[in-house]
Amino acid sequence: MPKIWRFFDKADLFECYQCARCTGSCPAVIVSDKAIGPREMLVRCLDLGHKGVVEDEGLWYCTTCHVCEDRCPQKIPIGDLMVALRNAAARRDNVPANVVRALEMITKTGRAAITHQVNAMRAEYGLDPLVEPDLEEIDQIVERAGFKDVIRF
Ligand code: SF4
Ligand code: SF4
């Protein structure tokens, strides 16, 4: 069995009856015409198998918000399918450069973006400074997830 179907039950693909409620609520589809919507992702997996989608950059526009499965009358865990497909894409070295850069930032600084001026802005609104990330804990998570075996900076 391909590794991907250990994370998502392939039988769930056949429960979809193409109502498109999931795609109608997907924020990735709303903001980008490059995103592959959840309904289309399911259809492509049925038509082409996961190999037919893991090379498409549109896979990486999903925010894993899981709204699609909240809206799905069949309760198909589409967010899990997206994660499983991205794991498969990463094992094939198919990770967009901007995603690799963000992952590198997280592993090295604990944050996905530069935050130099954030604390000054927070102070203007009377907010406490950001809590410093625990880099040791992040390192342990990265290690346990086997992250560095798959993503190369
Ligand atoms: S989990 Fe991904 S596919 Fe589902 S609604 Fe959110 S962004 Fe769209
Ligand atoms: S909401 Fe569920 S049943 Fe409807 S198209 Fe999306 S996955 Fe299929």
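Good morning. I begin with ligand 1: of the 14 residues around it, Cys26, Ala28, Cys62, Cys65 and Cys68 come nearest. Please keep in mind throughout that this is a predicted model.

Which helices contribute to the shell around ligand 1? At least two residues each are supplied by helix 2, residues 27-31, by helix 4, residues 67-71, and by helix 5, residues 78-91. Helix 5 gives the most, with 3 residues. In terms of class, the shell around ligand 1 holds 10 nonpolar and 4 polar residues, and no charged residues.

Let me turn to ligand 2. There are 16 residues around ligand 2, and those that come nearest are Cys16, Cys19, Arg21, Cys22 and Cys72. Here helix 1, residues 21-24, and helix 3, residues 38-48, each supply at least two residues of the shell. Helix 3 provides the largest share of the shell around ligand 2, 3 residues. By class, the shell around ligand 2 divides into 11 nonpolar, 2 polar and 3 charged residues. Charged residues therefore appear in the shell around ligand 2 under the class scheme used here, while the shell around ligand 1 has none.

I now step back to the overall architecture. The secondary structure of the protein comes to 9 helices and 0 strands. The protein is divided into domain 1, covering residues 3-91, and domain 2, covering residues 97-150. The C-alpha centres of domain 1 and domain 2 lie 27 Å apart. Along its principal axes, the C-alpha trace of the protein spans about 50 × 35 × 25 Å. Of the 153 residues in the protein, 22% are buried. Among contacts between residues at least 6 apart in sequence, 62% join residues at least 24 apart.

Next, I would like to consider helix 5 in its own right. Does its length agree or disagree with the expected helical rise? At 1.5 Å a residue, the 14 residues of helix 5 should span 20 Å, and its end C-alpha atoms are 20 Å apart, which agrees. The buried residues in helix 5 are Ile78, Gly79, Leu81, Met82, Ala84, Leu85, Ala88 and Ala89. As a general point, an α-helix has 3.6 residues a turn, so residues three or four places apart point the same way. The buried residues of helix 5 pack against helix 1, helix 3 and helix 4.

That brings me to the nonpolar interior. The largest nonpolar core has 27 residues, of which Met41, Leu59, Ile78, Leu81 and Leu85 touch the most other members. Helix 2, helix 3 and helix 5 each supply at least two residues of this core, and the largest share, 7 residues, comes from helix 5. In soluble globular proteins generally, nonpolar side chains tend to be buried together. Leucine 81 offers a specific case: leaving aside its neighbours within four places in sequence, leucine 81 is in contact with Phe8 and Met41.

Is valine 43, in helix 3, buried or partly exposed? Valine 43 counts as partly exposed, because it has 15 C-beta neighbours inside 10 Å, and burial would require 20 or more. Valine 43 and cysteine 26 are 17 residues apart in sequence, and their C-alpha atoms are 16 Å apart in space.

I turn now to backbone geometry. Most residues other than glycine have a negative phi, and most peptide bonds are trans. Threonine 64 is not a glycine, yet has a positive phi of about 50 degrees. Threonine 64 is found in the loop between helix 3 and helix 4, and is exposed, with 11 other C-beta atoms within 10 Å. Aspartate 93, likewise not a glycine, has a positive phi of about 65 degrees. Aspartate 93 is found just after helix 5, in the loop between helix 5 and helix 6, the latter being residues 97-109. Aspartate 93 is exposed as well, with 9 other C-beta atoms within 10 Å.

I close with helix 8, residues 135-145. How many of its 11 residues are buried? The number is 0, so helix 8 lies largely in the open. Just after helix 8, glycine 146 takes a positive phi of about 70 degrees.

Thank you for your attention.

Note on methods. Residues numbered from 1 in each chain as written. Chains lettered and ligands numbered in written order. Predicted model: local features only at pLDDT ≥ 70, side-chain atom pairs only at ≥ 80, totals over all residues. Near = placed C-beta within 6 Å. Helix = DSSP H or I, 4+ residues; strand = E, 2+ residues; numbered from the N terminus. Domains from an automatic or database assignment. Buried ≥ 20, exposed ≤ 12 C-beta atoms within 10 Å, placed from the backbone. Contact = placed C-beta atoms within 7 Å. Expected span 1.5 Å × (residues − 1). Core = buried A, V, L, I, M, F, W, Y, C linked by C-beta atoms within 7 Å.
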